[in-house]
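The exercises below are to be worked with the sequence and the model open side by side. Each task is followed by a solution in steps.

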Amino acid sequence: MGHCFSHLTLTDRYRIEDALQDGKKPQEIADKLHVHVSTIYREIKRARMIHRNSDWTEEERYNPDEAERKYQENLRANSAPTLI
């Protein structure tokens, strides 16, 4: 039997963001989304950003829109060229 792989959707990425803001651990998020924990770590790494608060303190956050943009960009770069 082979493995069944699926890609994260934009909705999944928003769920990751919400869970991280709620203080959930990557393993909890992976269990909820039915993916391997390394998928969550990779996804967080893909779209980390530094957010500056109103008091000028900075914190690292996950940006689901940037993750989706990078995912779509990689899909286009790695797809087979179409022949006309």
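**Exercise 1. Packing of two helices**

At what angle do helix α1 and helix α4 pack, and how far apart are their axes? Give also the handedness of the crossing and the residues that form the contact.

Solution. The model is a predicted one.

Step 1. Two packed helices are described by the angle between their axes and by the distance between those axes.

Step 2. Helix α1 covers residues 10-21 and helix α4 covers residues 64-78; the angle between them is about 145°, and their axes are 9 Å apart.

Step 3. The α1/α4 crossing is right-handed.

Step 4. On the α1 side the contact is made by L10, R13, Y14 and E17, and on the α4 side by P64, D65, A67, E68 and Y71.

Step 5. Sorted by type, the residues of this contact are 5 nonpolar and 4 charged, with no polar ones.

**Exercise 2. A charged residue in the contact**

Is R13 buried or exposed? List its contacts beyond the neighbours in sequence.

Solution.

Step 1. R13 lies in helix α1.

Step 2. Its relative accessible area is 1%. The cut-off for buried is under 20%, so R13 is buried.

Step 3. With neighbours within four places in sequence set aside, R13 is in contact with L8, E43, R46, Y62, P64, A67, E68 and Y71.

Step 4. Compare with Exercise 1: P64, A67, E68 and Y71 are among the α4 residues that make the contact with α1.

**Exercise 3. Order of the elements**

How many helices and strands does the chain have, and in what pattern do they follow one another?

Solution.

Step 1. The count is 4 helices and 2 strands.

Step 2. Along the sequence the pattern reads α-α-α-β-β-α.

Step 3. For the chain as a whole, 23% of its 84 residues are buried.

Step 4. Of the contacts with a separation of 6 or more, 39% join residues 24 or more positions apart.

**Exercise 4. The nonpolar core and one face of α2**

Which residues make up the largest nonpolar core? Then explain how the buried residues of α2 are arranged.

Solution.

Step 1. The largest nonpolar core has 12 residues: L8, I16, A19, I29, A30, L33, V37, I40, I44, A47, Y62 and A67.

Step 2. At least two residues of this core come from each of α1, α2 (26-33) and α3 (37-46).

Step 3. The buried residues in α2 are P26, I29, A30 and L33. Viewed down the axis of α2, the buried residues fall within an arc of 100°, so they line one face of the helix.

Step 4. The cover over the buried residues of α2 includes α1 and α3.

Step 5. Take I29 as an example. Apart from neighbours within four places in sequence, I29 is in contact with I16, A19, L20, K24 and I40.

**Exercise 5. Two residues with positive phi**

Where is H34, and where is W56? State the phi and the exposure of each.

Solution.

Step 1. H34 follows α2 and sits in the loop between α2 and α3.

Step 2. H34 is not a glycine, yet its phi is positive, about 60°.

Step 3. H34 has a relative accessible area of 73% and is exposed.

Step 4. W56 is in the loop between β1 and β2 (58-62). Its phi is also positive, near 70°, in a residue other than glycine.

Step 5. W56 is exposed, at a relative accessible area of 63%.

**Exercise 6. Pairs apart in sequence**

How many residues apart in sequence are L20 and R61, and what is their C-alpha to C-alpha distance? Do likewise for I50 and N63.

Solution.

Step 1. L20 is in helix α1, and its relative accessible area of 28% makes it partly exposed.

Step 2. L20 and R61 are 41 residues apart in sequence, and their C-alpha atoms are 8.5 Å apart.

Step 3. Not counting residues up to four places away in sequence, L20 touches I29, I44 and Y62.

Step 4. I50 belongs to strand β1 (residues 48-52) and counts as exposed at 54% relative accessibility.

Step 5. I50 and N63 are 13 residues apart along the chain, with 9.7 Å between their C-alpha atoms.

Step 6. Under the exclusion of residues up to four places away, I50 touches E58, E59 and E60.

Key: Residues are numbered from 1 along each chain as its sequence is written. This is a predicted model: local features need pLDDT of at least 70, side-chain atom pairs count only at pLDDT 80 or more; totals for chains, interfaces and linings use all residues. Side-chain values use heavy atoms; hydrogens and water are left out. Axes are lines fitted to C-alpha atoms, for helices over the stretch in contact, and angles run from 0 to 180 degrees between N-to-C directions. A crossing is left-handed if the near helix is turned anticlockwise from the far one by less than a right angle, and right-handed if clockwise. Contact means heavy atoms within 4.5 Å. Ala, Val, Leu, Ile, Met, Phe, Trp, Tyr, Cys and Pro count as nonpolar, Asp, Glu, Lys and Arg as charged, and the others, Gly among them, as polar. A nonpolar core is a set of buried Ala, Val, Leu, Ile, Met, Phe, Trp, Tyr and Cys residues joined through side-chain atoms within 4.5 Å. Buried means under 20% relative accessible area, exposed over 50%, partly exposed in between (1.4 Å probe, protein chains only). The arc is that of the directions from the helix axis to the C-beta atoms.
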